[in-house]
Amino acid sequence: MVELPIVTNLITEERKKKPDWLRVKLPIGEDYRRVRHLVDEYKLHTICQSGNCPNMGECWGAGTATFMILGNVCTRSCSFCAVKTGKPNEYDEDEPREWPKPFFLCR
Ligand code: SF4
């Protein structure tokens, strides 16, 4: 039977701290909660969520989100993008009527 070596430098070496610019801030704050509430309440599609954007905490925390209209499926197939790709089957013609009023004044 062969014994595996014990790698001690992994255990004792202090973990290097990542630079601050590499860290994503937790989404907190009143503006973030307000945007999240609007998106959830009105069942809005955002590129922020559909695209798995890493900036959501920052943008939503500043009261900004970018909406998708006519659903959340894109007919293009860009390899770098996380949005669902396909041919949308149907769309909700009344979608704009569901939007909050006034839509662009969420502050
Ligand atoms: S608005 Fe901000 S969170 Fe939304 S897609 Fe653009 S960069 Fe990302």
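Modeller: A helix here is a DSSP run of H or I with at least four residues, numbered from the N terminus. Cys59 is found in one of these, helix H4. Keep in mind that the model is predicted.

Colleague: How many helices and strands does the protein have?

Modeller: Five helices and four strands. Read from the N terminus on, the order is α-α-β-α-α-β-β-β-α.

Colleague: Back to Cys59. What makes Cys59 buried, exposed or partly exposed?

Modeller: Its relative accessible area is 33%. Buried means under 20%, and exposed means over 50%. The value falls in between, so Cys59 is partly exposed. In space, Cys59 and Pro27 are 9.3 Å apart, C-alpha to C-alpha, with their positions 32 residues apart in sequence.

Colleague: Which residues surround the ligand?

Modeller: Cys59 is one of them. The others are Ile47, Cys48, Cys53, Asn55, Met56 and Thr66. What puts a residue in that shell is a heavy atom within 4 Å of the ligand. Helix H3 (47–50) and helix H4 (56–61) each supply at least two residues of the shell.

Colleague: What makes up the shell by class?

Modeller: Five residues are nonpolar, two are polar, and none is charged. Cys counts as nonpolar here, whereas Asn and Thr fall among the polar residues.

Colleague: Which residues make up the largest nonpolar core?

Modeller: Seven in all: Tyr32, Val35, Val39, Cys48, Met56, Trp60 and Ala65. H4 and helix H2 (30–41) each give at least two of them. H2 gives the most, with three.

Colleague: Why is that set called a core?

Modeller: The term asks for buried nonpolar residues joined through side-chain atoms within 4.5 Å. The seven residues form such a set, so the name applies. In general, nonpolar side chains of soluble globular proteins tend to be buried together. Over the whole protein, buried residues make up 19% of the 107 residues.

Colleague: How do you know that Arg33 and Glu30 meet in a salt bridge?

Modeller: Their side chains come to 3.3 Å, N to O. The limit is 4 Å, so the pair qualifies. Both residues lie in helix H2, three residues apart, about one turn of the helix.

Colleague: How many salt bridges does the structure hold?

Modeller: Three. Arg34 forms one with Asp31, with the closest N and O atoms 2.5 Å apart. That is also within the 4 Å limit. Arg34 and Asp31 are three residues apart in H2, about one helical turn. The side chains of Asp40 and Arg36 form another, at 3.6 Å, N to O.

Colleague: What separates Asp40 and Arg36 along the helix?

Modeller: About one helical turn, because they are four residues apart in H2.

Colleague: Are Asp40, Arg36 and Arg34 buried, exposed or partly exposed?

Modeller: Asp40 has 46% relative accessibility, Arg36 has 26%, and Arg34 has 27%. Exposed needs over 50%, and buried needs under 20%. Each value lies in between, so Asp40, Arg36 and Arg34 count as partly exposed.

Colleague: Where is Tyr42?

Modeller: In the loop between H2 and strand E1 (45–46). At 28% relative accessibility, Tyr42 counts as partly exposed. The C-alpha atoms of Tyr42 and Glu98 are 6.4 Å apart, although 56 residues separate the two along the chain.

Colleague: What is special about the phi of Asn52?

Modeller: Phi of Asn52 is near 50 degrees, a positive value in a residue other than glycine. Most residues other than glycine have a negative phi. Asn52 is found in the loop between H3 and H4. Its relative accessible area is 58%, over the 50% cut-off, so Asn52 is exposed.

Colleague: And what is the phi of Leu70?

Modeller: About 60 degrees, also positive, and Leu70 is not a glycine. Leu70 sits in the loop between strand E2 (67–68) and strand E3 (73–74).

Colleague: Which residues form the nonpolar patch on the surface?

Modeller: Ile69, Leu70 and Tyr91, with about 340 Å² of accessible area together. Tyr91 lies in the loop between strand E4 (84–85) and helix H5 (95–98).

Colleague: What makes Leu70 and Tyr91 fit for a patch?

Modeller: A patch residue needs over 30% relative accessible area. Leu70 has 47% and Tyr91 has 53%. Both values pass, so both residues meet that condition. By the 50% cut-off, Tyr91 is exposed, whereas Leu70 is partly exposed.

Definitions and conventions
Residues are numbered from 1 along each chain as its sequence is written. This is a predicted model: local features need pLDDT of at least 70, side-chain atom pairs count only at pLDDT 80 or more; totals for chains, interfaces and linings use all residues. Side-chain values use heavy atoms; hydrogens and water are left out. Patches are made of residues with over 30% relative accessible area and no salt bridge: like charges are joined within 9 Å, nonpolar side chains (Val, Leu, Ile, Met, Phe, Trp, Tyr) within 5 Å. Accessible areas come from the Shrake-Rupley method with a 1.4 Å probe; for residues, only the protein chains shown count as cover. Buried means under 20% relative accessible area, exposed over 50%, partly exposed in between (1.4 Å probe, protein chains only).
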